[in-house]
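Student: I would like to go through this chain step by step. Could you keep the answers short?

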Amino acid sequence: MYLHLGNDVLINTKDLIGIFDIENSSTSKITKNYLNFASKNGMVVNVSFEMPKSFVVCLDEDFNERVYITQISCMTLKKRYDKLMKGIIG
């Protein structure tokens, strides 16, 4: 199944590690350092150049990490994910 992150960007849900609120989680020094590291190492994909609301961490089958910065709130992304999973299970 694929989760839509905005602007025609889809991720495979099996690669999903976590969905994070960028405003709340970026107050942590550890998270700031992680996002800086990811950016410097070419791991960040900006889904939109609007005000970011969340970031999504993925790990593919080759263990390549990718961080998607998106304007979609983490609550909306969670609802989309839950809807996908309900379709699989229910």
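Student: What share of the contacts with a separation of 6 or more comes from residues 24 or more positions apart?
Tutor: This is a predicted model, where local features need pLDDT of at least 70, side-chain atom pairs count only at pLDDT 80 or more, and totals for chains, interfaces and linings use all residues. Residues are numbered from 1 along each chain as its sequence is written, and side-chain values use heavy atoms, without hydrogens and water. Contact means heavy atoms within 4.5 Å. Among contacts with a separation of 6 or more, residues 24 or more positions apart account for 54%.

Student: In what order do the elements run from the N terminus on?
Tutor: Helices (H or I, at least four residues) and strands (E, at least two) are DSSP runs, numbered from the N terminus. The chain has three helices and six strands. From the N terminus on, their order is β-β-β-α-α-β-β-β-α.

Student: What fraction of the 90 residues is buried?
Tutor: Buried means under 20% relative accessible area, exposed over 50%, and partly exposed in between (1.4 Å probe, protein chains only). Out of the 90 residues in the chain, the buried ones make up 36%.

Student: How far apart are the end C-alpha atoms of helix α2?
Tutor: Helix α2 covers residues 29-40, which is 12 residues. The expected span is 1.5 Å times one less than the number of residues. That gives 16 Å for α2, and the distance between its end C-alpha atoms agrees: 16 Å.

Student: Which residues of α2 are buried?
Tutor: An α-helix has 3.6 residues a turn, so residues three or four places apart point the same way. On the other side of α2 from the buried residues, Lys-29, Ile-30 and Lys-40 are exposed. The buried residues are Thr-31, Leu-35 and Ala-38.

Student: How wide is the arc that they cover around the axis?
Tutor: The arc is that of the directions from the helix axis to the C-beta atoms. The buried residues are on the same side of α2, because their arc is only 65°.

Student: What covers the buried residues of α2?
Tutor: One helix and several strands appear in the answer. The cover includes α1 (22-25), β4 (44-46), β5 (54-59) and β6 (65-70).

Student: Which backbone nitrogen does a side-chain oxygen of Ser-28 reach at the start of α2?
Tutor: A polar contact is a pair of N or O atoms within 3.5 Å; within protein, one must be able to donate a hydrogen and the other to accept it, and residues adjacent in sequence count only if both atoms are side-chain atoms. The oxygen of Ser-28 comes to within 3.2 Å of the backbone nitrogen of Ile-30.

Student: Is Leu-3 buried or exposed?
Tutor: Leu-3 sits in strand β1 (residues 2-6). Beyond four places in sequence, Leu-3 touches several residues, including Val-9, Ile-19 and Leu-84. Its relative accessibility is 1%, so Leu-3 counts as buried.

Student: What separates the C-alpha atoms of Val-47 and Tyr-68?
Tutor: Val-47 is in the loop between β4 and β5. At 7% relative accessibility, Val-47 counts as buried. Tyr-68 is among its contacts beyond four places in sequence. The two residues are 21 residues apart along the chain, and their C-alpha atoms are separated by 6.4 Å.

Student: Which backbone nitrogen does the side chain of Asn-12 reach?
Tutor: Asn-12 lies in strand β2 (residues 9-12). Asn-12 is buried, with a relative accessible area of 17%. At 3.1 Å, its side chain reaches the backbone nitrogen of Lys-14.
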